[in-house]
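Me: I would like to learn to read this structure step by step. Please take my questions one at a time.

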Amino acid sequence: MTQQITMLTKESLAKLAETYQPPLLSLYQPTHRKHPENRQDQILFGNLIKALASSLQQQYSDSDTMMLLEPFNTLANDHDFWSHTLEGMAVLGGSNIFQVFKIQRSVSELAVVGDSFYTKPLRRILQSDTRYQVLGLSLSKIKLFEGDRNALYEIDPAPGVPLTITEALGDKLIPQHGHSGENDEVDNDAERFFRAVDQAVLEHHSRPSGLPLILAALSEHHHLFHKVSHNPFLMQEGLSINPDALPIDELWERAWQIVEPQYQARLATLVEDFALAESKQLGSDDVSQVAQAAATGRVASLLLESNRQIAGRLNRETGQITVGDLGDPQVDDLLDDIGELVVKMSGEVIVIQPEQMPGQTGLAGIYRY
């Protein structure tokens, strides 16, 4: 099976919830961007493959185990892949699916075999309400970044996104000969380049991710890009800088200054909406009540406290919960399970910081009816 590097989006995560023939293998590990730290990443991956093999061999034949692990072993020997890793990765596979996610934050080591994929670390990333992207733009090239409240990382543009003006325009690029009309030709090339970039970023990044996009470019390029852009995710406020001239930490700091007020405003609205809904018996922070509402598809929006866990079991059909002990392998995190159920029922889940959370239970649900 051909290896597939998958962009983490709501659609790609939803695909993992589809029905696949078990067993299904889920592997997570932290990785590193640079040498020499990344030298240990392949070794760790190999050890996690051995853990998967040990689990599989308890129930499946050696031939089945080898077949299921074949794409994992192929990835283990892909030296080019291991030279271009981020902060973490997730590898999910089965007899008819194999997907690799590069993750821009570290994750804990995990190797599990089950009847469904373990997707909670991926959902946690998607459910963060502080994510955004930055387009670094000049007259000749682009860069893409993705960040949240904690950091900003450069990402590889998807295939189909032109990295340079030459790649975008090719033989349609007007040669410059120093004649009197040169400035007009440069402006024409710039406009066509910006249009191509805008269309490709919208198609391959903004629309799939749904994230706000901040333009980082010299001030004289902002007006033209906004003029030609059809990207509804492009924020009106941008960064009037050369993105190559700033350390990435400073670029993150300036980008977050733009995103944070909108995030805080949206969060305040959600908290107010919850208070109003609760006053009308259309919302609750009672874990048991919200779980039952989630099972019937009543939860429109769910606020979850980041890093909070409640041990227990959730019956996904009835919404009944049983409190347990996280040390028990049959017990899971109720908050994560309820969040997964809300998403499955087409609801929205927003993970927020403890100090911003209404109530003390770790969740707050707003009902549809």
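Me: Which crossing, left-handed or right-handed, does H10 make as it passes H11?
Reply: Happy to help! This is a predicted model, where local features need pLDDT of at least 70, side-chain atom pairs count only at pLDDT 80 or more, and totals for chains, interfaces and linings use all residues. Residues are numbered from 1 along each chain as its sequence is written, and side-chain values use heavy atoms, with hydrogens and water left out. A crossing is left-handed if the near helix is turned anticlockwise from the far one by less than a right angle, and right-handed if clockwise; the way H10 passes H11 is left-handed.

Me: Are H10 and H11 roughly parallel or roughly antiparallel?
Reply: Helices (H or I, at least four residues) and strands (E, at least two) are DSSP runs, numbered from the N terminus. Axes are lines fitted to C-alpha atoms, for helices over the stretch in contact, with angles from 0 to 180 degrees between N-to-C directions. The axes of H10 (residues 287-295) and H11 (residues 334-344) come within 9 Å and cross at roughly 30°. Angles under 35 degrees count as roughly parallel, over 145 as roughly antiparallel, 65 to 115 as roughly perpendicular and the rest as oblique, so H10 and H11 are roughly parallel.

Me: How many nonpolar residues are in the contact of H10 with H11?
Reply: Contact means heavy atoms within 4.5 Å. H10 brings Val287, Val290, Ala291, Ala294 and Ala295, while H11 brings Ile338, Leu341 and Val342. Ala, Val, Leu, Ile, Met, Phe, Trp, Tyr, Cys and Pro count as nonpolar, Asp, Glu, Lys and Arg as charged, and the others, Gly among them, as polar. No residue of this contact is polar and none is charged, and the number of nonpolar ones is 8.

Me: Is Ser284 buried or exposed?
Reply: Ser284 sits in strand E10. Buried means under 20% relative accessible area, exposed over 50%, and partly exposed in between (1.4 Å probe, protein chains only). Its relative accessibility is 6%, so Ser284 is buried.

Me: At what distance does a polar contact join the side chains of Ser284 and Gln289?
Reply: A polar contact is a pair of N or O atoms within 3.5 Å; within protein, one must be able to donate a hydrogen and the other to accept it, and residues adjacent in sequence count only if both atoms are side-chain atoms. The side chain of Ser284 also reaches the backbone nitrogen of Asp286 at 2.9 Å. Between the side chains of Ser284 and Gln289, the distance is 3.2 Å.

Me: Which backbone nitrogen does a side-chain oxygen of Asp286 reach at the start of H10?
Reply: Just after the other end of the helix, Gly297 has a positive phi of about 80°. At the start of H10, the Asp286 oxygen comes within 3.1 Å of the backbone nitrogen of Ser288.

Me: Where is Gln353 found, and which residues is Gln353 in contact with, leaving aside neighbours within four places in sequence?
Reply: Gln353 is partly exposed, with a relative accessible area of 24%. Its place is the loop between strand E15 (348-352) and E16. Apart from those close neighbours in sequence, Gln353 is in contact with Arg149 and Ser306.

Me: How many strands does the protein chain have?
Reply: Let's finish with the whole chain. Of its 369 residues, 46% are buried. The chain has 11 helices, and its number of strands is 16.
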